[in-house]
Amino acid sequence: MFITHIRADGFKNLKQVDIETDKKLNILCGKNAQGKTNLIEALWLCSGVRSFRNTKDKRMIGIDCDMMSIDVSFQDSVRQQDIHYACMKSNLKEKNVTLNGVKLKAPSKLFGSLNCVVFTPEDLELSKGSPDNRRRFLDLSVAQIKNSYSPLIDKYEAIIDQRNTLLKNIAYGRSDRAELDIWDIQLAKLGAYISVLRYNYTKKLNIFASRLYNEISNGAERLDLFYSSTVYSDLDGRTDYNGELYEEYYRVLQDNLEDDIRMGFTQRGIHRDDLGGKINGLFVRDFASQGQHRSIALVMKLAQAYILAEEIDDSPCILLDDVLSELDPSRQSFVVSKIHDMQVFITCCDRNFPFELNSGKLFIVENGRIREEKR
């Protein structure tokens with residue numbers, strides 16, 4: 001899969017962007033705050049996923065603009081496709097999103113059409129940062145290969161909010177405990193199913209990531225990733241999410257009810273799970289160095305791309321937003337060597353590339369405008 005043409009106008013500071021891209025390597029070069037990341041963000045939005053910068057709708061449109069529009073043409077393994085994404089400042093909730101001329105109900109309906117993997121400097125904290133980030137990484141990764149997954153996560157989060165509110169009301173005597181059961185049944189059903197999907201993805205992630213980590217450490221270290229559940233002691237080979245897994249999840253909610261009421265929130269469940277790791281048998285969270293954490297983050301993101309490519313039988317587009325500048329030369333070279341057969345968009349502030357630019361295209365980004373520099 002590769003993007004062939006990008007047009008963008010009014011998205012943040014982007015102005016009349018109209019570029020034809022290279023099917024392999026595309027370098028976006030410019031000083032800070034010129035619009036490089038804005039273009040990466042525009043491509044990411046066209047993959048049907050929320051902004052990786054958590055941009056609110058009102059911030060998507062430039063200060064001096066009434067509307068914004070993004071048009072992306074791409075070639076997958078079957079055909080050429082076109083995405084149009086636009087909205088007006090006067091009606092931010094009404095987005096005009098089309099795929100091949102067919103209007104979609106919401107931007108999320110683009111999911112699964114243009115497949116991308118984005119890697120930002122924040123992702124370098126994936127290994128040592130908050131479990132929230134690793135859960136989001138897992139959920140996005142699963143959703144990219146199972147389109148029905150994201151709505152399940154949204155539904156679970158809505159129910160957990162309802163349950164937590166009810167727990168507080170029970171503690172203050174404003175609600176009855178019997179009201180909890182309707183939420184607990186739903187949580188247990190969704191939680192059991194999501195646990196299985198996350199666990200199975202983690203097993204596959206571990207296969208790819210451990211191979212890559214073996215390479216990046218020159219065979220000196222072994223990485224093992226695992227899904228850390230707050231509900232189940234062992235999920236290996238278990239698939240009965242409508243039977244025993246559901247019952248076990250429900251029982252955990254019941255067993256912890258008194259503590260949950262006292263604390264005012266649900267202490268165990270998929271919203272508290274984590275993606276853990278060990279290096280040579282030692283827990284990453286306790287013993288890994290800064291360099292090891294960065295290497296783990298790199299191989300996790302690369303593994304995400306490889307798994308997606310395997311599942312969709314096509315290569316995703318790789319979006320590297322100012323990541324290479326954060327890495328030492330050896331890790332720079334490692335990343336570049338692992339994505340050489342995919343279409344890549346790389347943002348950078350100078351021309352000290354960690355590779356020979358003997359192919360691909362170089363684009364200069366200045367004040368929201370993008371031009372190709374002929375070489």
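How are helix 3 and helix 5 oriented to each other? They are roughly perpendicular, a label that covers angles of 65 to 115 degrees.

Before going further: this is a predicted model, where local features need pLDDT of at least 70, side-chain atom pairs count only at pLDDT 80 or more, and totals for chains, interfaces and linings use all residues. Residues are numbered from 1 along each chain as its sequence is written, and side-chain values use heavy atoms, leaving out hydrogens and water.

**The helix pair**

Helix 3 (residues 131-145) meets helix 5 at about 90°, and the axes are 10 Å apart. Axes here are lines fitted to C-alpha atoms, for helices over the stretch in contact, with angles from 0 to 180 degrees between N-to-C directions. Helices (H or I, at least four residues) and strands (E, at least two) are DSSP runs, numbered from the N terminus. Contact means heavy atoms within 4.5 Å, and these residues make it:

| Helix | Residues in the contact |
|---|---|
| Helix 3 | R135, F137, L138, D139, S141, V142, I145 |
| Helix 5 | L197, R198, Y201, T202, L205 |

**The six-stranded sheet**

Now for the sheet: six strands in the order 8-12-13-3-14-15 make an open sheet with mixed pairing. Strand 8 (116-119) and strand 15 (369-373) sit at the edges with a single partner strand each, so one side of each has no neighbour in the sheet. From one strand to the next, the twist averages 20°. Strands count as paired if DSSP finds at least two bridges between them; strand 8 and strand 12 (residues 317-321) have four, in the parallel sense. One of the bridge partners is easy to look up: V118 goes with L319 in strand 12. Lying across strand 8 and strand 12 is helix 9 (residues 290-312), which runs at about 175° to strand 8.

**Helix 10 and its two sides**

In helix 10 (residues 329-338), the buried residues (under 20% relative accessible area, 1.4 Å probe, protein chains only) are R331, Q332, F334, V335 and K338. Viewed down the axis, they fall within an arc of 165°, so they line one face of the helix; the arc is taken from the directions from the helix axis to the C-beta atoms. They pack against helix 5 (180-216), helix 9 and strand 12. P329 and S330 are exposed (over 50%) on the face turned away from that buried side.

**Strand 2**

Strand 2 (residues 17-20) runs antiparallel to strand 1 (residues 2-9), joined by four bridges. R7 has D18 as its bridge partner in strand 2. V17 and I19 point to one face and are buried, whereas D18 and E20 point to the other and are not.

Key
Parallel < 35°, antiparallel > 145°, perpendicular 65-115°, else oblique.
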